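Below is a walk through one chain, from the confidence of the model to the packing of its helices and aromatic rings.

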Amino acid sequence: MCALVGVAILIVILFEYAPSVLPDNWYMAEHANLNFGILTCMELLTLGMIPFALRLMKLKVIKRYIAEKQEKGFLMAGLLRCYMLCLPMILNVLFYYLFMYAAYIYMAIILFLCLFFIFPTMARCKREWEDAEK
């Protein structure tokens, strides 16, 4: 998860401090309609992934998988949760610098803050495992 957040930070550093390598705002003028389409898709993806990632451990399929695999199942389910939030976050950061539209960065910040609610610690895994057994 830290590596995926690091990728987002690397994108910010490259666009902010190396403008000759990656020019910002170069795509917006020619593709305003594309910006609207991508923005709509990213809003729907962001709004859909947050509750889905937060409630992932409650799904019967995931509970069954965790019951079969035990610790490995928790690791895989935790990684899946992190990817579900980090990948749209990275895309939002990238689209922010391509189109220079503030909605993308707001969605990336919201996804980043949601990571604190799903961070897979051992205590949380044990608590969720006990809840899953009930």
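**Confidence, helix packing and aromatic rings**

Among the elements of the chain, helix α5 (residues 102–118) has the highest mean pLDDT, at 92, and helix α6 (residues 122–133) the lowest, at 67. The model is a predicted one. Over the chain the mean pLDDT is 83, and 83% of the residues reach 70 or more. Where pLDDT is low, the predicted coordinates should not be read in detail.

Helix α5 is a convenient place to start, and two of its partners are described here. Two packed helices are described by the angle between their axes and the distance between the axes. For α4 (71–99) and α5, the axes come within 8 Å and cross at roughly 160°. An angle over 145 degrees counts as roughly antiparallel, so α4 is roughly antiparallel to α5. The crossing of these two helices is left-handed. On the α4 side the contact involves R81, C82, L85, C86, P88, M89, N92, V93, F95, Y96 and F99, and these meet A102, Y104, I105, M107, A108, L111, F112, C114, L115 and I118 of α5.

The second partner is α2 (residues 32–54), whose axis comes within 11 Å of that of α5, with a crossing angle of roughly 10°. Angles under 35 degrees count as roughly parallel, and α2 and α5 are therefore roughly parallel to each other. Their crossing is left-handed. Residues of α2 in this contact include I38, L39, M42 and I50, while those of α5 include Y104, M107, L111 and C114.

Between α4 and α5 lies a loop, and M100 is placed in it. Most residues other than glycine have a negative phi. In M100, however, phi is positive, near 50°. The relative accessibility of M100 is 27%, so this residue counts as partly exposed.

Aromatic rings gather around this part of the chain. A pair of aromatic rings is described by the distance of the centres and the angle of the planes. The chain has seven aromatic pairs in total. In one of them, F95 and Y104 have ring centres 5.8 Å apart and planes at 50°, so the pair is tilted. F95 and Y104 are both buried. The rings of F99 and Y104 have centres 6.1 Å apart, and with their planes at 25° this pair is stacked, since planes under 30 degrees apart count as stacked. F99, like Y104, is buried. Ring pairs join F95, F99, Y101 and Y104 into a cluster. Of these residues, F95, F99 and Y104 also appear in the contact between α4 and α5.

Methods: Residues are numbered from 1 along each chain as its sequence is written. This is a predicted model: local features need pLDDT of at least 70, side-chain atom pairs count only at pLDDT 80 or more; totals for chains, interfaces and linings use all residues. Side-chain values use heavy atoms; hydrogens and water are left out. pLDDT is the predictor's confidence in each residue, from 0 to 100. Helices (H or I, at least four residues) and strands (E, at least two) are DSSP runs, numbered from the N terminus. Rings of Phe, Tyr and Trp (its six-membered ring) pair if their centres lie within 6.5 Å; planes under 30 degrees apart count as stacked, over 60 as edge-to-face and the rest as tilted. Buried means under 20% relative accessible area, exposed over 50%, partly exposed in between (1.4 Å probe, protein chains only). Axes are lines fitted to C-alpha atoms, for helices over the stretch in contact, and angles run from 0 to 180 degrees between N-to-C directions. Angles under 35 degrees count as roughly parallel, over 145 as roughly antiparallel, 65 to 115 as roughly perpendicular and the rest as oblique. A crossing is left-handed if the near helix is turned anticlockwise from the far one by less than a right angle, and right-handed if clockwise. Contact means heavy atoms within 4.5 Å.
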